[in-house]
Amino acid sequence: MSLYSIRMRASRARSGGASGERPEHISGAERIAAGEAVADLAAELARRALGHAKGQPDNIHVSIEALDEETLLRIPALPARAVSCADAATGLRLAAALLRETGVPRPGAVIDLLLNAPPLRGAMLVDADTLERLEPDRERGVRATRMDMAGGAALPPAPDGKQHYREAAVLAAKVCAAPHIIAELCISDDPDYVTGYVAAPGLGYVRIQRLKEAGSPRGGRVFLYRGPREAVADTVAFLERHPVLVENVPPPPPFAPESAPAPASLAFVEEELAEARAAGLFRSIEVFESAPGPRVRHKGRDLLLLASGDYLGLAADSRVMAAAAEALTAYGAGTGGSRLTTGTLPLHARLEAELAAFAGSEAALVFSSGYAANVGLLSALCGKGDVIFSDSLNHASIIDGCRLSGARVVVYPHKDMAALDRLARAHQGRRRAVVSDAVFSMDGDVADLPGLTEVAARHGLITVLDEAHALGVIGRTGRGICEHFGLSGPAIFTGSLSKALGADGGYVRGPARLMEWLRHKGRSFVFSTALSAAPVGAALAALRILRDEPARVARLQENAALFRARLREHGVDAPGETAIVPLMAGDERVAVAAAHALREAGILISAIRYPTVARGAARLRAALRADHQKDDLVLSASEAAKALSRARTEIPPPVPEPRCRC
Ligand SMILES: *Cc1c(COP(=O)(O)O)cnc(C)c1O
């Protein structure tokens with residue numbers, strides 16, 4: 001059965017206009033249909049033209065054109081949401097914020113461009129960074145055509161509002177599938193239709209209730225382009241000629257407030273959120289619809305996951321899940337008490353004993369999270385009059401523990417043992433401690449254990465290492481940093497049960513006497529309800545698997561080495577030596593654009609930017625798993641290299657800003 005594109009355009013000669021003037025556009029619509037539906041649809045489109053609110057056309061052009069079925073592309077609709085807003089100014093602010101989220105650096109200027117352009121039949125094609133107009137015919141613009149909803153011909157004509165929605169959803173999906181288009185902004189030029197939208201590949205299709213005041217004829221579309229100039233023609237050809245059917249267009253979502261504005265007493269919340277948006281640092285929460293694994297379900301798609309702390313694939317291991325279920329059934333959902341009152345179960349004691357034995361400590365103490373373990377230990381160890389030396393790249397939970405302790409915190413440059421030595425000589429105090437990530441969470445490098453041990457011994461420092469990304473990850477059998485260096489290390493470690501052990505919770509391990517003391521002094525241990533049975537049961541089962549199946553650790557290490565080697569072959573700077581592989585980007589926009597492109601290619605690697613890392617040190621942060629397939633890693637490395645180099649060539653160097661020294 002052959003397919004046809006049916007397109008209608010209705011216009012009227014301008015009254016009193018000179019004879020050479022373009023006629024006034026009244027309406028246009030199009031469908032894609034097979035054989036017998038074509039004639040009815042052509043008639044329906046003609047009827048629409050005749051009944052249009054803008055008035056009687058004097059020319060209705062209906063064209064019917066056979067499509068090449070070979071080239072027909074079927075794409076999924078974008079996820080849709082609809083945001084209500086009280087007035088156009090609020091709507092425009094929201095549109096600007098959404099554009100900024102998609103990586104458009106000057107959204108306000110894009111909106112101005114759109115609202116001040118003379119009416120166009122098509123859309124403006126605009127360079128997202130320089131705002132240069134790129135379309136070959138600037139009087140006409142680019143017209144996205146030859147598209148429809150899959151199965152759309154079977155649908156009854158919808159009431160006008162729904163028709164607007166369907167057509168826009170189809171157009172937005174096609175535009176976002178076009179090469180090098182990073183976002184679209186649409187404000188209708190129909191004076192009576194104030195709803196518009198922002199669409200982008202990572203964002204979806206966001207309808208905004210009011211983007212202009214009723215009665216204003218100003219509006220249009222902007223397609224934002226980021227790519228080489230020589231590829232503009234391909235983008236235009238795709239938009240104008242490539243037949244596309246959009247599948248699974250969702251029903252129109254109801255308008256809902258983005259969220260209620262904060263009450264007056266919380267005005268600073270509004271201001272700070274607006275600042276975050278303006279700086280491109282607004283965070284939204286993404287929802288994943290499956291357990292972590294080498295692949296995860298996200299917005300209905302399966303993505304290759306290189307962004308999870310579940311290094312050994314234990315979070316969804318059937319034995320670990322069964323142990324969690326068994327513990328839950330035996331002991332209930334919650335413990336109902338602190339560890340010091342009624343919250344301790346036999347499972348807590350067993351986990352503490354086996355964890356200490358596995359990792360090579362005398363004893364361990366389970367906390368409700370790794371965060372709580374760091375905060376509880378550091379704030380107990382040190383106080384007023386004490387000094388804590390802290391690596392400049394330490395995890396936030398260490399930083400918070402240091403602050404909460406009330407001790408003087410002396411930050412030493414990352415892994416700089418000579419500097420630590422100097423600072424330890426300069427800063428005296430009652431008790432003194434040095435604290436460091438064992439494996440740095442954003443850089444994937446390993447602390448200098450031999451150096452730390454030596455400096456700590458020289459100055460009599462208590463040494464604390466956070467092994468959240470080291471246990472189960474480094475050392476031949478996953479026993480962590482001491483095994484990695486073949487040394488017996490410092491006395492005190494903190495860690496998490498939520499990374500390689502795939503469960504939930506945290507711990508401190510060290511001398512038994514210290515654990516006894518911490519039971520009294522660790523406030524996050526004393527004043528928090530005991531970790532519930534299910535995660536404790538899960539962590540215990542996972543620990544036993546780690547102990548009995550060291551081959552998992554070897555596979556993880558091989559995978560990380562393979563991925564790094566491939567990246568380096570592609571010329572990507574991938575420092576570090578553990579399961580965390582940073583792909584250095586520098587510019588925040590490059591990291592975000594590359595992560596977007598990878599997401600489009602079905603690969604999830606997170607972009608990390610300020611404040612998690614320093615400004616200008618943005619990166620993609622890949623986290624490997626023992627259960628990744630080699631082929632997938634080879635592909636991911638090459639896609640990541642491609643995405644980074646493309647993002648670099650497409651994004652102009654940043655406009656230098658005056659440096660703020662606050
Ligand atoms: C994740 C992490 C923590 C916190 O552990 P949670 O169990 O997630 O609270 C602490 N330190 C480092 C280095 C981490 O990466």
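Helices and strands are DSSP runs, of at least four residues for a helix (H or I) and at least two for a strand (E), and they are numbered from the N terminus. The views below show a predicted model.

**View 1. H180, in the loop between α4 and β8.** The loop that holds H180 is set between helix α4, residues 160-177, and strand β8, residues 181-187. The phi angle of H180 is near 70 degrees, which is a positive value in a residue other than glycine. Most residues other than glycine have a negative phi, and most peptide bonds are trans.

**View 2. The cis peptide bond from Y610 to P611.** The omega angle of this bond, which runs from Y610 to P611, is near 10 degrees. P611 itself is placed in a loop, with strand β25 (606-608) on one side of that loop and strand β26 (618-623) on the other.

**View 3. The ligand and the residues that surround it.** The shell around the ligand has 15 residues, and the closest of them are G370, D466, H469, S496 and K499. Three residues of the shell come from helix α9, residues 370-381, and this is the largest share. By class, the shell is made up of ten polar, three charged and two nonpolar residues.

**View 4. Side chains of D466, H469 and K499 beside polar atoms of the ligand.** An N or O atom in the side chain of D466 lies 2.5 Å from a nitrogen atom of the ligand. For H469, a polar side-chain atom is 2.5 Å from an oxygen atom of the ligand, while for K499 the distance from a polar side-chain atom to a ligand oxygen atom is 2.7 Å. The ligand exposes 380 Å² when it is taken alone, and 85% of that area is buried by the protein.

**View 5. An open sheet of three strands with mixed pairing.** The strands of this sheet follow the order β14-β15-β24. Its edge strands, each of which pairs on one side only, are β14 (295-298) and β24 (603-604). Strands β14 and β15, the latter formed by residues 301-305, run antiparallel and are joined by four bridges. In one of the residue pairs, H298 has R301 of β15 as its bridge partner.

**View 6. The largest cavity, with about 50 Å³ of space.** The count of cavities of 30 Å³ or more comes to one. The residues that line the largest cavity are R339, V366, F367, S368, S524, F525, S528, T529, A530 and L531. Strand β16 (363-367) and helix α15 (523-526) are the elements that give two or more residues to this lining. Divided by class, the lining of the largest cavity has five nonpolar residues, four polar residues and one charged residue.

Notes:
Residues are numbered from 1 along each chain as its sequence is written. This is a predicted model: local features need pLDDT of at least 70, side-chain atom pairs count only at pLDDT 80 or more; totals for chains, interfaces and linings use all residues. Side-chain values use heavy atoms; hydrogens and water are left out. A residue is near a molecule or strand if one of its heavy atoms lies within 4 Å of it. A polar contact is a pair of N or O atoms within 3.5 Å; within protein, one must be able to donate a hydrogen and the other to accept it, and residues adjacent in sequence count only if both atoms are side-chain atoms. Accessible areas come from the Shrake-Rupley method with a 1.4 Å probe; for residues, only the protein chains shown count as cover. Ala, Val, Leu, Ile, Met, Phe, Trp, Tyr, Cys and Pro count as nonpolar, Asp, Glu, Lys and Arg as charged, and the others, Gly among them, as polar. Two strands pair if DSSP finds at least two bridges between them. On a 1 Å grid over the protein atoms alone, a cavity is a set of points where a 1.4 Å probe fits but cannot get out, and a pocket is an open set with protein on both sides within 12 Å along at least five of seven lines; lining residues have an atom within 4 Å of a point. Grid points are joined across faces, edges and corners, and a volume is the space filled by probe spheres set on the points.
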